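Let's go through this one as a chat between a reader and an author. Have a look at it before we start.

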Amino acid sequence: MASPRWAPSRSWSHAYDIATGLTLDWTPPLPLLTKTLTTLFPHITPTDDPATTLLWATGRATLPNRAPVHDWRWVNTH
């Protein structure tokens with residue numbers, strides 16, 4: 001069985017997709033978003049915009065001066 005640790009990342013990504021489809025401006029709560037990013041992607045250096053950093057880490061956004069992410073996985077060992 002997969003660990004539930006990945007659920008917030010996937011939930012944020014799906015919520016982002018839904019909000020984008022409905023042309024809504026939506027961002028997850030910053031403390032939860034930051035915790036999700038640093039827990040599941042400890043190898044990623046966050047930017048000043050953790051929402052975009054999480055989207056970039058999951059291959060859903062681009063970040064200046066960072067290569068696009070095409071293949072990713074979260075860390076599930078904490």
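**Helices and odd turns**

Thr23 sits in the loop that joins helix H1 (7-21) to H2, where helices are DSSP runs of H or I with at least four residues, numbered from the N terminus. We're looking at a predicted model, where local features need pLDDT of at least 70, side-chain atom pairs count only at pLDDT 80 or more, and totals for chains, interfaces and linings use all residues. Residues are numbered from 1 along each chain as its sequence is written, and side-chain values use heavy atoms, with hydrogens and water left out.

Reader: Is Thr23 buried or exposed?

Author: Buried means under 20% relative accessible area, exposed over 50%, and partly exposed in between (1.4 Å probe, protein chains only). Thr23 also has a positive phi, near 55°, without being a glycine. With a relative accessible area of 71%, Thr23 counts as exposed.

Reader: Which residue in the segment after H3 has a positive phi although it is not a glycine?

Author: Most residues other than glycine have a negative phi. The one here has a phi of about 65° and lies in the segment after H3. Its relative accessible area is 84%, so it is exposed. The residue is Asn65.

Reader: How many of the eight residues of H3 are buried?

Author: H3 is mostly covered. The buried ones are Pro50, Ala51, Thr53, Leu54, Leu55, Trp56 and Ala57. That makes seven.

Technical notes: Helices (H or I, at least four residues) and strands (E, at least two) are DSSP runs, numbered from the N terminus.
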